[in-house]
Amino acid sequence: MKADQEYGGRPPEMRSFRARLVTRVIHIWFALSRAMTFGVRAACFDEEGRIFLVRHSYVPGWHMPGGGVERGQTAGEALARELQEEGNLAIIGVPELLALYYNRRTSRRDHVAFYRCLVRQTAPKAPDAEIVETGFFRLDALPEGTTAATRRRIEELAGKRQQEALW
């Protein structure tokens, strides 16, 4: 039996009970407070061409930074806030909106705006309750555990894969 069939089509980072429980609780809360969930993520590159990734405390794997857009906030404001919170990153110039994705693996109501931007880190990011590890990585030396979705987005950016509609 294929791993995808065995785990109901879940990506590796969502196969643990804890990750699924935390994600489900968060999305139940959002379902009660919002009609749709909308988030932002970014491929953040430094001046050396390395990509910035984060490892969360509540779900396995390395991800691009990002998070939810709050009421009364633009996607750009949410992006700047999330990059500051998750990595002490300041955006240089104007972020480029690359795509809007439907994230049905998380929820039937979740959408993600995906950006590319140049950043500088204003200070090292100390681990906290949400983010346990961060780093800049060369594209040919991504850390073990980089999520499948993160790898797909990087392949799309590099022109090695056609852009998909699903996160």
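How many disulfides does the structure hold? In this predicted model, the structure holds 0 disulfides.

**Cysteines**

The cysteine pair C44 and C117 illustrates this result. The closest cysteine sulfur to that of C44 belongs to C117, and the distance of 3.8 Å is too far for a bond. A disulfide requires two cysteine sulfur atoms within 2.5 Å, so the separation of 3.8 Å between C44 and C117 does not qualify. Seen from the other side, C117 is in no disulfide, its nearest cysteine sulfur being that of C44. C44 counts as buried, at 0% relative accessibility, and C117 likewise counts as buried, at 4%.

**Aromatic residues**

Across the whole structure, a search finds 5 aromatic pairs. One of them joins Y101 and F114 in an edge-to-face arrangement, with 6.1 Å from centre to centre and 65° between the planes. Y101 belongs to strand 5 and F114 to strand 6 (residues 110-121), so this pair ties together parts that are 13 residues apart in sequence. Y101 is buried, with a relative accessible area of 2%, and F114 is buried, also with a value of 2%. Together with W167, Y101 and F114 form one aromatic cluster.

**Loop and strand details**

Strand 5 (89-102) is preceded by a loop that holds N88 and follows helix 3 (75-87). The phi angle of N88 is near 55°, a positive value in a residue other than glycine. N88 is buried, with a relative accessible area of 17%.

H63 is placed in strand 3, which covers residues 62-63. A polar atom of the H63 side chain lies 3.3 Å from the backbone oxygen of P60. H63 is also buried, with a relative accessible area of 10%.

**Surface patch**

A nonpolar patch on the surface, of about 310 Å², is made by F17, L21 and V25. Of these residues, V25 is located in helix 2 (residues 17-33). V25 is partly exposed, with a relative accessible area of 49%.

**Accessibility of selected residues**

The table collects the values for residues discussed above.

| Residue | Relative accessible area | Class |
|---|---|---|
| C44 | 0% | buried |
| C117 | 4% | buried |
| Y101 | 2% | buried |
| F114 | 2% | buried |
| H63 | 10% | buried |
| N88 | 17% | buried |
| V25 | 49% | partly exposed |

Technical notes:
Residues numbered from 1 in each chain as written. Predicted model: local features only at pLDDT ≥ 70, side-chain atom pairs only at ≥ 80, totals over all residues. Heavy atoms only, no water. Patch = residues over 30% accessible without salt bridge, like charges linked within 9 Å, V, L, I, M, F, W, Y side chains within 5 Å. Areas by Shrake-Rupley, 256 points an atom, 1.4 Å probe, with all protein chains shown as cover. Salt bridge = Lys/Arg side-chain N within 4 Å of Asp/Glu carboxyl O. Helix = DSSP H or I, 4+ residues; strand = E, 2+ residues; numbered from the N terminus. Buried < 20%, exposed > 50% of the residue type's maximum accessible area, 1.4 Å probe, protein only. Polar contact = N/O pair within 3.5 Å; in protein donor to acceptor, adjacent residues only side chain to side chain. Phe/Tyr/Trp six-rings, centres within 6.5 Å; stacked < 30°, edge-to-face > 60°.
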